[in-house]
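Please walk through the empty spaces in this structure, from the smallest listed to the widest. Keep the model's confidence in view along the way.

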Amino acid sequence: MNEIPLLHRLWVGFVGINAAFVSYAGLFKPKFLDEKFTWAELPPLHARFVGGLYLFGAVFLLGSLFCRRWVQVAETLFATAIFTTAMLVLTLLNWNAFDLDLTPALVWVIAYLLFGPVSLALALVYWRHPTHEADGPEIPSWQRSGMRSLAALFALVGAGLLVARSAVADAWPWPVSDGVAQFYGGPFLTLAWCSWAAARRRSLSSIRLYLAAMAALGVSVTVVAIIHRGVFDGGNPATWLWFATFAAIAIAATGALVVSHITTRAAQGSSVFLAR
């Protein structure tokens, strides 16, 4: 059986809608997001970067609602569990920063008190759900190596943000507080998990959802960086690594998504022709 359980669709759809709201606010109404995130200072660049991170989540989760095979969405629950559990832990560690008399702060706390445990529980429930690789062209070796490299890079940055936030904040390509930097750790670890999991798949059609989400992330973060390029420290090597990495993600993920679509359609066409 390779069907997607209804409970999975309902939960990731619910979380995805929340991610889409934060993404829209961050990318298009950064001042509004800064006002609502009362426990952290989010100038426009920070707010829009948060919007880009949540855009990855929105595409990854809401896009899964249009998938038909479990293999295409198998990683969504653990990705959600990693992100939301990290946010829950960081919220608890920084409890004094939240004024629960303010509605946005209360909503944030309640959301992650709920999202983390439920996402982790569902991820464990469906851990052994039957997974059968989708048909179609295989993932090229160079693309698999690229995803593994991204997984290692994101894992290194994410772990550093969580356990050595001051050191990583000092090396960040634009000015960032220790607290905000640490909250970036969860998203980076989630990106690492998704990249590692995608690299383990066999066919391109199995990772289309990942490619779409990465393309959205790469394009949005690159555009945001260009818009706010004056905030970046041009003398910091991390700045050049930042621009190069996310621009490469935008180009590679978009290109791979297009190639996956074309080659899969071509393969399906050949199968139909041969079956006649």
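Leu45, Phe49, Trp174, Val221, Val224, Ala225, Phe232 and Trp242 line the second largest cavity. A cavity is a set of points, on a 1 Å grid over the protein atoms alone, where a 1.4 Å probe fits but cannot get out; lining residues have an atom within 4 Å of a point. This one holds about 30 Å³ of space. Volume here is the space filled by probe spheres set on the points, with grid points joined across faces, edges and corners. Its lining has eight nonpolar residues, no polar and no charged. Nonpolar covers Ala, Val, Leu, Ile, Met, Phe, Trp, Tyr, Cys and Pro; charged covers Asp, Glu, Lys and Arg; the others, Gly among them, are polar. Helix α10 gives the most, three residues. Both α3 and α10 supply at least two. Helices are DSSP runs (H or I, at least four residues), numbered from the N terminus.

This is a predicted model, in which local features need pLDDT of at least 70 and side-chain atom pairs count only at pLDDT 80 or more, while totals for chains, interfaces and linings use all residues. Residues are numbered from 1 along each chain as its sequence is written, and side-chain values use heavy atoms, with hydrogens and water left out.

The whole structure has two cavities of 30 Å³ or more. The largest holds about 80 Å³. Among its lining residues are Phe60, Gln72, Glu75, Cys194, Arg201 and Tyr210. Here the lining divides into eight nonpolar, two polar and two charged residues. Helix α9 provides the largest share, three residues. Both α9 and α10 supply at least two.

Now the largest pocket. A pocket is an open set of points with protein on both sides within 12 Å along at least five of seven lines. This pocket has about 580 Å³ of space. Its lining counts 31 residues, and Asn18, Ala19, Val22, Tyr54 and Tyr112 lie nearest its centre. By class, 24 are nonpolar, six polar and one charged. Helices α1 (6-28), α2 (30-36), α3 (44-63), α4 (76-93), α5 (103-125) and α9 (185-199) each supply at least two lining residues.

How far can the coordinates be trusted? Where pLDDT is low, they should not be read in detail. pLDDT is the predictor's confidence in each residue, from 0 to 100. Its mean over the protein is 90, and 94% of residues reach 70 or more. Among the elements, helix α10 (residues 208-227) has the highest mean, 97, and helix α11 (residues 237-275) the lowest, 79. Over residues 270-276, pLDDT stays under 50, and the model has zero contacts (heavy atoms within 4.5 Å) beyond four places in sequence.
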